[in-house]
Amino acid sequence: MRIPEDKIEEIRIAVDIVDYINQFVPLRKVGKNYVGLCPFHTEKTPSFTVSPDKQLYHCFGCGAGGNVFNFVMQYEKVSFFEAVKKIAEYVGVELPKPERKERWVETEFEELYEANQFAKEFFIRNLMKTTEGKKAIEYLYKRGINDATIRNFELGYSPEQWDALVQYAIKQNFSLESLEKAGVVARREDGAYYDRFRGRVIFPIFSITGRTIAFGGRRLKDDENIPKYINSPETKVYTKGKVLYGLYQGKEAIRRKGYAILVEGYMDCISLFQAGIENVVASGGTALTEEQVRLISNYTNTIYFLYDADSAGAKAMMRGIDLMLAQGLDVYIVKLPEGEDPDSFIKKNPISEFNKLIENAVNFVEFKALTYQQLGKFDDPNVKVKAIRSLVESISKIPDELKRNVFIREISSKYKIPERLLVNEVESIILRARKESARNEVKSQESFIFSKFKNIPAEERDLAKILLEANEVVLKFVFEYIKLSDITSDYVKLIYQKIHESFQESKGDYKKPDVNDLLNKAESDEFRSFLTNIALSKYEVSQFWNEKRTSGDEDEVEELWKAVDDVLTKFYLRKIQKIELDLTEKIKEAEKSGDEGRLLELLVKKSEIGKKKNILGIKGFKDIIRKYLNSLNKV
């Protein structure tokens, strides 16, 4: 079904894009706009911009851009239809209800979400309503998991049978190809399908907004020949290193308590949550990634590591600490008793004992130093230097200078090393890192700008901005002097055509276009990126705001006419240069042929063109614009 255009507009107007995006990306106000680290690519310096006035976002690093619907589409990997539904639910606007036969699967992303949802419902049904599922229920009960937690985390069970899900899908007329894409079934060489998670307790993995994107499965049999845990393969909606298990269930508690507890496994996360420690997430048994750190930083600035008390757990923490420090997070490490993991500890001890562990957590300097000492790295002076340098490198990751200095002082006191020596080392590391980061960021931005818009002249990009922001008076003037044939960029031509058609049809009652309407109808991400880039950028050719620092309605009108002057001047200089090149070629031909009459005629024309070029370069269109505006005032 199609959602009516007026309903889409009602939904868009009802939501504030800054408030919505701020749920997922921490934003801070800079001037009129808000900025933050882009959620669509890795960056150190914020280039992700959100405009409350225009209700648009644009990343000047990777080019991602659009309105609130486009953000949902990009962030959650859903169709436009699903994005509108999501925002409608968020603002409480009711949509027309579709008939069952109109079930919407517009994109492969939606296909994957639907396949995972179908599989999850099958797994839950098998856990709760089948004889075989009782074994899985008993296992969960034995592990101390109660019915409320089973429901909260939507745990399930996949039967031992090779093709139980396959047969169920066939009966329900559900696409096996879709289930294969989602990774819940696989195909043998002979083409027959089989279930991936046979005989396993199922842990659904959710997106931050609650969509089922993958599964983890824990074997019930004590069979060492098969892995204890398996996960869905990566798909277009699931990348293991970009997801934190339990974040969907725990995000509100994390915000409320002001910190998150990070564990390794599903059961660790579930057991703590059930015990009332709801501000917990799991890395899923993999080394922490930069994407996971950025994800958790959207909800808190403080992390407590709670990994198994073994060497593997310690190494995992060591790898993750620097990532978190670089994100500006406060990092603490909770020491579990030997032989314990979070799941076993919370089952044996009251919550008060767990809280004591949190209270006695150590900072990263203490943890790293203790770890190196236990590994014997402080016994040899040469190795001790390497260990201390590792501590210094970790400190150098911290963005806050005051916090860095506090930790430097701590190391200086602990190891009797001059503070100035440590400060110099930290500053040296930071300087190298900044140079490397700056090179990478410039390359990233240049890559985006030059790969997508390198062939579009600055005056044409500014023309597009004028067309989007001009009123009827300005447009009438622009359309008189610039024609579609003067434009080289397909994107700018498209904008010109749409605005020109609207201007012609208005018959004296023109209303400026809503960029959101153009975005909703954009046929490619690249054109959408161009639109938001233009809408949120300053004029490139015009230097108005370099000359004038104040702002107001009159200044904005003045800026627009200054941009028109500069853009038209550039267009006409371009035309003149083309004529000059043509005349130069003709002069060469006349010289070769010895036609002196023709040569003289061409030289005179080139001289006249040169004079016009000089006058245009000096005066531009200022006098023509002044006459035009005066004529309007006389009417």
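Biologist: Phe-71 and Tyr-75 both lie in helix H3 (residues 68–76), where they are four residues apart, about one turn of the helix. What makes a stretch count as a helix or a strand?

Modeller: Both are DSSP runs, numbered from the N terminus, with helices (H or I) having at least four residues and strands (E) at least two. The model is predicted, so local features need pLDDT of at least 70 and side-chain atom pairs count only at pLDDT 80 or more, while totals for chains, interfaces and linings use all residues. Residues are numbered from 1 along each chain as its sequence is written, and side-chain values use heavy atoms, with hydrogens and water left out.

Biologist: How many aromatic pairs are counted, and why is the pair of Phe-71 and Tyr-75 called stacked?

Modeller: The count is 42 aromatic pairs. For Phe-71 and Tyr-75 the centres are 5.3 Å apart and the planes meet at 15°. Rings of Phe, Tyr and Trp (its six-membered ring) pair if their centres lie within 6.5 Å, and planes under 30 degrees apart count as stacked, over 60 as edge-to-face and the rest as tilted; the pair is therefore stacked.

Biologist: Are Phe-71 and Tyr-75 buried or exposed?

Modeller: Phe-71 has a relative accessible area of 1% and Tyr-75 has 18%. Buried means under 20% relative accessible area, exposed over 50% and partly exposed in between (1.4 Å probe, protein chains only), so Phe-71 is buried and Tyr-75 counts as buried too.

Biologist: What is the geometry of the pair formed by the rings of Phe-197 and Phe-215?

Modeller: Their centres are 6.3 Å apart and their planes stand at 70°, so this pair is edge-to-face. Phe-197 lies in the loop between strand S8 (193–195) and strand S9 (200–206), whereas Phe-215 is in strand S10 (residues 212–219), so the pair ties together parts that are 18 residues apart in sequence. Both Phe-197 and Phe-215 are buried.

Biologist: How do you know which strands of the open sheet stand at the edges?

Modeller: The open sheet of four strands has the order S6-S9-S10-S11, with antiparallel pairing. Strand S6 (156–158) and strand S11 (229–231) each have a single partner strand, so one side of each is left without a neighbour in the sheet. The twist averages 35° from one strand to the next.

Biologist: Why can S10 and S11 be said to pair?

Modeller: Two strands pair if DSSP finds at least two bridges between them, and three bridges join S10 to S11, so the requirement is met. One bridge links Gly-216 to its partner Asn-231 in S11.

Biologist: What makes Lys-465 a charge over the face of a ring?

Modeller: A charge sits over a ring if NZ of Lys or CZ of Arg is within 6 Å of the ring centre and within 35 degrees of the ring normal. Lys-465 lies over the face of Tyr-539, at 5.6 Å from the ring centre, and Arg-574 lies over the face of Phe-571 at 4.6 Å.

Biologist: Where is Lys-465 placed, and is this residue buried or exposed?

Modeller: Lys-465 is in helix H20 (residues 458–469), and its relative accessible area is 7%, so Lys-465 is buried. A polar atom of its side chain lies 3.3 Å from the backbone oxygen of Ala-535. Among the residues that Lys-465 touches (contact means heavy atoms within 4.5 Å) are Ile-534 and Tyr-539.

Methods. A polar contact is a pair of N or O atoms within 3.5 Å; within protein, one must be able to donate a hydrogen and the other to accept it, and residues adjacent in sequence count only if both atoms are side-chain atoms. Axes are lines fitted to C-alpha atoms, for helices over the stretch in contact, and angles run from 0 to 180 degrees between N-to-C directions. Lists of a residue's contacts leave out its neighbours within four places in sequence.
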